[in-house]
Amino acid sequence: MGICIMNRKELEKYISETYSADPEYPWESSPASAVFRHTANRKWFALLMDIPRSKLGMQSDDMISVVNLKCDPLMTGSVCMEKGIYPAYHMNKNYWISVALDGTVPDEAVKMLLDMSFDATMPKIKKKKG
């Protein structure tokens with residue numbers, strides 16, 4: 001089992017250092033929710049938020065920090081079978097997952113899923129015609 005210490009603050013630092021992306025806070029009604037985007041195409045690759053555990057189907061209204069990440073729809077079902085990974089809260093559940101930042105998901109798994117999300121939302125390279 002991998003090391004599980006990645007919390008919200010550590011993930012924000014990792015994203016900033018790895019992808020040179022700073023958090024944006026676009027919602028007045030949810031000031032702690034942070035969006036991370038590609039600079040070139042402005043697409044989101046990560047959304048950090050604190051939500052009640054009940055929004056993920058747990059039997060508690062205690063708050064939990066999660067990161068929503070884009071996922072290949074062919075993998076979403078199997079990835080969501082892993083402990084601490086859920087169909088995305090408040091986003092398209094075919095393409096997005098919510099990863100709990102409560103120590104249940106090993107850091108290397110969080111980083112791998114973050115890399116996949118970053119790659120899936122990168123600007124597309126257009127082929128030259130002719």
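This passage describes the sheet, the helices packed on it and the aromatic pairs of a predicted model.

The model contains an open sheet of five strands, arranged in the order β1-β2-β3-β5-β4 with antiparallel pairing. Its edges are formed by β1 (34-37) and β4 (85-87), each of which pairs on one side only. On average, and with direction ignored, neighbouring strands of this sheet are turned by 25° against each other. Helix α1, comprising residues 8-19, packs on the sheet and touches β1, β2 (44-52) and β3 (63-70). The direction of α1 makes about 170° with that of β2. A further helix, α3 (residues 107-120), lies across β2, β3, β4 and β5 and runs at about 45° to β3.

Strand β5 (residues 96-100) is joined to β4 by three bridges, the two strands running antiparallel. Within this pairing, I85 has V99 of β5 as its bridge partner, and Y86 stands opposite S98. Five bridges join β5 to β3, again in an antiparallel arrangement. Here V67 stands opposite V99, the residue that is also the bridge partner of I85.

The surroundings of β5 were examined next. In a regular strand, side chains alternate between the two faces of the sheet. In β5, W96, S98 and A100 lie on one side and I97 and V99 on the other, and all are buried, so that both faces are covered. Because five of the five residues of β5 are buried, this strand is largely enclosed by the rest of the structure.

Aromatic contacts were considered across the whole structure, where a search finds six aromatic pairs. One of them is formed by W27 and W44, whose rings are edge-to-face, with 5.7 Å centre to centre and 80° between the planes. W27 lies in the loop between α1 and β1, whereas W44 belongs to strand β2; the pair therefore ties together parts that are 17 residues apart in sequence. Both residues are partly exposed: W27 has a relative accessibility of 32%, and W44 has a relative accessible area of 24%. Ring pairs also link Y14, Y19, F36, F45 and F118 into a cluster. By residue number, Y14 and Y19 fall within α1 (residues 8-19), F36 within β1 (34-37), F45 within β2 (44-52) and F118 within α3 (residues 107-120).

Conventions:
Residues are numbered from 1 along each chain as its sequence is written. This is a predicted model: local features need pLDDT of at least 70, side-chain atom pairs count only at pLDDT 80 or more; totals for chains, interfaces and linings use all residues. Side-chain values use heavy atoms; hydrogens and water are left out. Two strands pair if DSSP finds at least two bridges between them. Helices (H or I, at least four residues) and strands (E, at least two) are DSSP runs, numbered from the N terminus. Axes are lines fitted to C-alpha atoms, for helices over the stretch in contact, and angles run from 0 to 180 degrees between N-to-C directions. Contact means heavy atoms within 4.5 Å. Rings of Phe, Tyr and Trp (its six-membered ring) pair if their centres lie within 6.5 Å; planes under 30 degrees apart count as stacked, over 60 as edge-to-face and the rest as tilted. Buried means under 20% relative accessible area, exposed over 50%, partly exposed in between (1.4 Å probe, protein chains only).
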